[in-house]
2 protein chains.
Amino acid sequence: MSRVTIKDIARVLGVNPSTVSRALHNHPDVSIELKANIKQLAEQMGYKPNQMAINLRNGKSKTIALIIPEISMFFFPSVMKAIEEEAHKRGYNLLVLHSNDDVQREIQNAEICAFTGVEGVLVSLTKESFETSHFLDLSYSGVPVVYFDKVPNNIQGHKVIVPGKEATIQAVEYLIQHSENHQRICGFFGDPRLSITQDRVEGFRQALTQANRLFYIQDAFFVNNSQKAEETFLTLWNSANPPSALFMMSDEVLAGVIKATHALGLNIPQDLQIVAISDGYLPLLLPQKIPYVETSGYQLGKTAAFYLFDIINEKKTEFETISIETPFRNA
Amino acid sequence: MSRVTIKDIARVLGVNPSTVSRALHNHPDVSIELKANIKQLAEQMGYKPNQMAINLRNGKSKTIALIIPEISMFFFPSVMKAIEEEAHKRGYNLLVLHSNDDVQREIQNAEICAFTGVEGVLVSLTKESFETSHFLDLSYSGVPVVYFDKVPNNIQGHKVIVPGKEATIQAVEYLIQHSENHQRICGFFGDPRLSITQDRVEGFRQALTQANRLFYIQDAFFVNNSQKAEETFLTLWNSANPPSALFMMSDEVLAGVIKATHALGLNIPQDLQIVAISDGYLPLLLPQKIPYVETSGYQLGKTAAFYLFDIINEKKTEFETISIETPFRNA
DNA sequence: TTGAAAGCGCTAACAA
DNA sequence: TTGTTAGCGCTTTCAA
């Protein structure tokens, strides 16, 4: 029961395969009636074009790739959902490549993109991607690369980012304004090697400084995951000088700290005020009202996908750095 | 800067392309030194095989597809993570196809799998997939299809499932045992068209019956998403006869109901006892200790992927229905 | 308006 | 051990 090909159709009608191909592509040169005949027969015989042959012939594959450092329940699903929607809308498939926060795998993934004929790539970098030369080959060979969220620091490129510094300032200013003389404001951050972390730490520093408060580096805590956040907060709370207010740079750390506050039986915001940067789902799930600056993964994904397809369709070429909106939410 | 091919290498060394191909595949017939030469030169010239050509030639693509009805923050990330790991381990790529709970799209996705040369497919069905003949073509043409989680009801096939009835019985029995004479036990379920929903409703019924309680169909609530769950519970709680205990068939509905309990200021388990079937992450996030039967998406994904690769590698052929473990958790 | 032929890059059967 | 050849299915240039 092997698949019916263009040749089969041609044979039946006694025409040339190339004619069939043209007819199916609505080439104007084919006579109307022949075109109709061919199309009908193709339909009848259940013809489906062989995508692999088309890919080889065209050197591309109606597929875009999404390269991500980790698959977590926060952020990733909404990003992915948005990207999938845009890809599907344009008849593209989505290849998901997971780097597992390992540069070596990121490099492999970039290679896979090259051999496999994807037409564009959306990348969020690993913690260790200090340089991104492994994506150069792709760019050179005409495969556009759009970086989003975790983007390269010192390299120019197509980028879609969360304005992390500004978002942090918004969040921390809220903390400062909405509470009388906080003893100690601490910040919980992700991996310090990431530029998104650095931006947010800088925002934290600036917000404090602008409010005429001193910024102590020991008030910034760097944790690699939820669990570390939980442990770190427990220790911090039981220390000599526990914080009165907390800034959380992501859902990941928020989740950990929240668990700790439950374990400790803390009342929020009475015992401890918390403000976060969040995709928006987690805060709604919690009994405590946690104000947050929304950095929508869905929005980020949409924007990055649009940007990528604009490049693929040659509506854009120059490097841009697009920032998404970050509304403050206080339900 | 077009990519270097086997022909280029052959030309440089004055040998035949097929020899190069053989050498690179470690074919025993090629002389050791020639093989060494070829490999070295290939390395030097930065040769990378053209995956599209290989795909066309072989009629397959070192890719598996994952067809899912929806991209949500629960379940999906852990399933996907497990599948990605197994695929990567075996040098396979992962094409993610989203059906958006629409049979038409599921049918399209099945077709994409066929044209695109994927070597295997993992499917979780939409709410509307009452029949699955659209996957028959794939199976016939030798592309194995493994159904997982939302599987077809009356059709035989390769399946990996959560033993939903048993899990529900476990959960509801806990509810019955750990509380004196509940006035009313209600169950919150997903879409009634899904076999996983039907299984769980049946479990709910059996658990009640076995405990010599009557099963009232009006105690089973069917909600399509978190928000509906939230609304439904609010109404229910404000009704004449609010429940004293609740069974949640998934994280999705649990999330909604939890939000409602927060809005109502309910104490759990004092005001209302809740038990759930869950992937395990959400209950840990909440201040209330919610006992749950764990149905690990990660486990499900792993199992389904293993099963699929066993078929691809011809270690298995007959239809099986594998159930994953569902441990009871009460942290 | 249609046909013939070449070729995308790779592999495998068959020859030598 | 290596070369020759053909072909996977499709598209496209060139010729008729």
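A polar contact is taken here as a pair of N or O atoms within 3.5 Å. The exercises below apply this and a few other cut-offs to a predicted model.

**Exercise 1. Polar contacts with DNA strand D**

Determine which atoms of DNA strand D are approached by Ser31(B), Asp29(B) and Ser18(B), and at what distances.

Solution. Begin with the phosphate: a backbone N or O atom of Ser31(B) is 2.7 Å from a phosphate oxygen of DNA strand D. Next comes Asp29(B), where again a backbone N or O atom is involved, and its partner, 3.0 Å away, is a sugar or linking oxygen of the strand. For Ser18(B), by contrast, the side chain provides the N or O atom, which lies 3.2 Å from a base oxygen of DNA strand D.

**Exercise 2. The surface near DNA strand D**

Describe the protein surface near DNA strand D by its nearest residues, its composition and the helices that supply it.

Solution. The strand has 25 residues around it, and those that come nearest are Tyr47(A) and Arg57(A) from chain A, with Asn16(B), Thr19(B) and Arg22(B) from chain B. On the DNA side, 66% of the strand's atoms that come within 4 Å of the protein belong to sugar and phosphate. Sorted by residue type, the surface consists of 9 nonpolar, 10 polar and 6 charged residues. Finally, at least two residues each are supplied by helix 1 (6–13), helix 2 (17–24) and helix 4 (51–58) of chain A, and likewise by helix 2 (17–24) and helix 4 (51–58) of chain B.

**Exercise 3. Two aromatic pairs in chain A**

Classify the ring pairs Tyr92(A)–Phe309(A) and Tyr174(A)–Phe328(A), and state which parts of the chain each ties together.

Solution. The count over all chains is 25 aromatic pairs. For Tyr92(A) and Phe309(A), the ring centres are 5.0 Å apart and the planes meet at 70°, which is over 60 degrees, so this pair is edge-to-face. Because Tyr92(A) belongs to the loop between helix 5 (76–89) and strand 2 (93–98) while Phe309(A) belongs to helix 13 (residues 297–312), the pair ties together parts of chain A that are 217 residues apart in sequence. Both Tyr92(A) and Phe309(A) are buried.

In the second pair, the centres of Tyr174(A) and Phe328(A) lie 4.9 Å apart, and the 35° between their planes makes the pair tilted. Here helix 8 (residues 164–177) is tied to strand 12 (residues 328–329), parts of chain A that are 154 residues apart in sequence. As for accessibility, Tyr174(A) has a relative accessible area of 13% and is therefore buried, whereas Phe328(A), at 30%, counts as partly exposed.

**Exercise 4. Further ring surroundings**

Identify the aromatic cluster that contains Phe189(A), and the ring over which the charged end of Arg90(A) sits.

Solution. The cluster joins Phe189(A) with Phe204(A), Phe215(A), Phe222(A) and Phe247(A). The charged end of Arg90(A) sits over the ring of Phe306(A), at 5.0 Å from its centre. In chain B, Arg90(B) lies over the face of Phe306(B), also 5.0 Å from the ring centre.

**Exercise 5. Cysteines**

Establish how many disulfides the structure holds, and whether Cys113(A) is buried or exposed.

Solution. The count over all chains is 0 disulfides. Cys113(A) illustrates this, since the nearest cysteine sulfur, that of Cys113(B), is 19 Å away, whereas a disulfide requires sulfur atoms within 2.5 Å. With a relative accessibility of 1%, which is under 20%, Cys113(A) counts as buried. Cys186(B), at 0%, is buried by that criterion.

Key
Residues numbered from 1 in each chain as written. Chains lettered and ligands numbered in written order. Predicted model: local features only at pLDDT ≥ 70, side-chain atom pairs only at ≥ 80, totals over all residues. Heavy atoms only, no water. Buried < 20%, exposed > 50% of the residue type's maximum accessible area, 1.4 Å probe, protein only. Near = heavy atom within 4 Å. Polar contact = N/O pair within 3.5 Å; in protein donor to acceptor, adjacent residues only side chain to side chain. Helix = DSSP H or I, 4+ residues; strand = E, 2+ residues; numbered from the N terminus. Nonpolar A, V, L, I, M, F, W, Y, C, P; charged D, E, K, R; others polar. Phe/Tyr/Trp six-rings, centres within 6.5 Å; stacked < 30°, edge-to-face > 60°. Lys NZ or Arg CZ within 6 Å of the ring centre and 35° of its normal.
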